[in-house]
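Work through the exercises below with the model open. Each task is followed by a solution in steps.

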Amino acid sequence: MLSAKNLDQKGRWRNKTVAFRVSPGEDEVIEAKVRMTGLTKQDYITRRLLENEITVLGNPRVFKGLKDQMKEIINQLERITSGEEVSDDLMEIMRFMLRIMDEMRNESR
């Protein structure tokens, strides 16, 4: 089966498929970052792979993604009992969220 042809914002045909495998933890981190940026997964991964800057602009989709992710972080933190460590994946998600929120705060000044 051939992939569908799509025009991107620059008028280029996107008709190549790139696929790769990730662990469940890596998928969780990728999905969380995609939700918090408001981008499609395709756009997020393409920008990251091409080392393009990702600018997150506050809009309802981004705010919903941040709100939902914060709820998940709170749930995860509530499950951690004293003495247990926070997973590296959760730490990565929290760092990313803080970067987004800091950038949004700086833009509003």
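Accessible areas here come from the Shrake-Rupley method with a 1.4 Å probe. The model is a predicted one.

**Exercise 1. Surface and overall form**

Task: State how much area the chain exposes and what carbon and sulfur atoms supply, then set the radius of gyration against that of a compact globule.

Solution:
- Step 1. The exposed area of the chain is about 8600 Å², and 52% of it comes from carbon and sulfur atoms.
- Step 2. Of the 109 residues in the chain, 23% are buried.
- Step 3. The radius of gyration is 16 Å, whereas a compact globule of 109 residues would have one near 13 Å.
- Step 4. The C-alpha trace spans about 50 × 40 × 20 Å along its principal axes.

**Exercise 2. Order of elements**

Task: List the elements of the chain from the N terminus on.

Solution:
- Step 1. The chain holds four helices and two strands.
- Step 2. Their order is β-β-α-α-α-α.
- Step 3. For contacts between residues at least 6 apart in sequence, 49% join residues at least 24 apart.

**Exercise 3. Arg12**

Task: Place Arg12 in the chain and classify its exposure.

Solution:
- Step 1. Arg12 lies in the loop between strand E1 (6-7) and strand E2 (13-14).
- Step 2. The partly exposed class runs between 20% and 50% relative accessible area. Arg12 has 45% relative accessibility, so Arg12 counts as partly exposed.
- Step 3. Leaving aside residues up to four places away in sequence, Arg12 touches Asn6 and Leu7.

**Exercise 4. Helix H1 and its partners**

Task: Describe how H1 packs with H2 and with H3.

Solution:
- Step 1. Two packed helices are described by the angle and the distance between their axes.
- Step 2. The axes of H1 (residues 24-37) and H2 (residues 41-49) cross at roughly 105° and come within 9 Å. Angles of 65 to 115 degrees count as roughly perpendicular, so H1 is roughly perpendicular to H2.
- Step 3. On the H1 side of this contact are Asp27, Ile30, Glu31, Lys33, Val34 and Thr37; on the H2 side are Lys41, Tyr44 and Ile45. By class, the residues are four nonpolar, one polar and four charged.
- Step 4. With H3 (residues 60-79), the axis of H1 crosses at roughly 140°, and the two axes come within 6 Å. H1 is therefore oblique to H3.
- Step 5. Ala32, Arg35, Met36 and Thr37 of H1 meet Arg61, Val62, Gly65, Leu66 and Gln69 of H3. This contact has four nonpolar, three polar and two charged residues.

How values were computed
Residues numbered from 1 in each chain as written. Predicted model: local features only at pLDDT ≥ 70, side-chain atom pairs only at ≥ 80, totals over all residues. Heavy atoms only, no water. Axes fitted to C-alpha atoms, helices over the stretch in contact; angles between N-to-C directions. Parallel < 35°, antiparallel > 145°, perpendicular 65-115°, else oblique. Contact = heavy atoms within 4.5 Å. Nonpolar A, V, L, I, M, F, W, Y, C, P; charged D, E, K, R; others polar. Rg over C-alpha atoms; globule rule 2.2 N^0.38 Å. Buried < 20%, exposed > 50% of the residue type's maximum accessible area, 1.4 Å probe, protein only.
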